[in-house]
Amino acid sequence: MFGTTFDMIFLVICGILSVVFFLGKGDGVLRAFTSRELRDRKSGRTAEEERKYQFAIGIFLLVLALCSLMMFLVPSQITAIIELVVVIGGMIILFVYLKKKFPQ
């Protein structure tokens, strides 16, 4: 989108974060980017619910990483449009899933 260097850096960041979330170690990252109010609500989740929450975020980050890889390998206007559609679709699916599973 902004150049091959940006796409590669974004790919690495999203790839690393997706692995962190798949391993269930993303609690520190979530705490860093959530407000105190959301953190207090989150404390009511069980360990299994927290694992599912982190897994869903990990899948979304993996989709972002794959889109960035596609943009790195095939930089074109069509690829950028496809990436945009996939990312927006992934965000919608993630929000619907999180609202359904974690209605808090």
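## Helix H5 and the surface patch

Helices here are DSSP runs of at least four residues, numbered from the N terminus. In this predicted model, Ile78 is found in helix H5, the element that covers residues 77-101. At 56% relative accessibility Ile78 counts as exposed, because the cut-off for that class is over 50%.

Ile78 also belongs to a nonpolar patch on the surface, which it forms with Met70, Ile81, Ile82, Val85 and Val86. Together these residues present about 510 Å² of accessible area, and helix H5 gives the most to the patch, with five residues.

## Thr79, next to Ile78 in sequence

Is Thr79, also found in helix H5, buried or exposed? With a relative accessibility of 6%, Thr79 counts as buried, because the limit for that class is under 20%. When residues up to four places away in sequence are not counted, Thr79 touches Met70, Met71 and Val74. Of these contacts, Met70 is also a member of the nonpolar surface patch.

## The largest nonpolar core

In soluble globular proteins, nonpolar side chains tend to be buried together. The largest nonpolar core of this model has 16 residues, of which Tyr53, Ile57, Leu61, Leu64 and Leu98 touch the most other members. Helix H1 (4-22), helix H4 (47-73) and H5 each supply at least two residues of this core, and the largest share, eight residues, comes from H4.

Leu61, one of the residues that touch the most other core members, can be followed further through its contacts. Leaving aside neighbours within four places in sequence, Leu61 is in contact with Cys14, Leu17, Ser18 and Phe21.

## Cysteines and the absence of disulfides

A disulfide is a covalent bond between the sulfur atoms of two cysteines. How many disulfides does the structure hold? The structure holds zero, and the distance between the sulfur atoms of Cys14 and Cys67 shows why no bond is assigned to Cys14: the sulfur of Cys67 is the closest cysteine sulfur to that of Cys14, yet it lies 9.6 Å away, too far for a bond, given that the two sulfur atoms of a disulfide must be within 2.5 Å. Cys67 is likewise in no disulfide, with the sulfur of Cys14 as its nearest cysteine sulfur.

Both cysteines fall in the buried class: Cys14, which is in contact with Leu61, is buried with a relative accessible area of 3%, while Cys67 counts as buried at 5% relative accessibility.

Note on methods
Residues are numbered from 1 along each chain as its sequence is written. This is a predicted model: local features need pLDDT of at least 70, side-chain atom pairs count only at pLDDT 80 or more; totals for chains, interfaces and linings use all residues. Side-chain values use heavy atoms; hydrogens and water are left out. Patches are made of residues with over 30% relative accessible area and no salt bridge: like charges are joined within 9 Å, nonpolar side chains (Val, Leu, Ile, Met, Phe, Trp, Tyr) within 5 Å. Accessible areas come from the Shrake-Rupley method with a 1.4 Å probe; for residues, only the protein chains shown count as cover. A salt bridge is a side-chain nitrogen of Lys or Arg within 4 Å of a carboxyl oxygen of Asp or Glu. Buried means under 20% relative accessible area, exposed over 50%, partly exposed in between (1.4 Å probe, protein chains only). A nonpolar core is a set of buried Ala, Val, Leu, Ile, Met, Phe, Trp, Tyr and Cys residues joined through side-chain atoms within 4.5 Å. Contact means heavy atoms within 4.5 Å.
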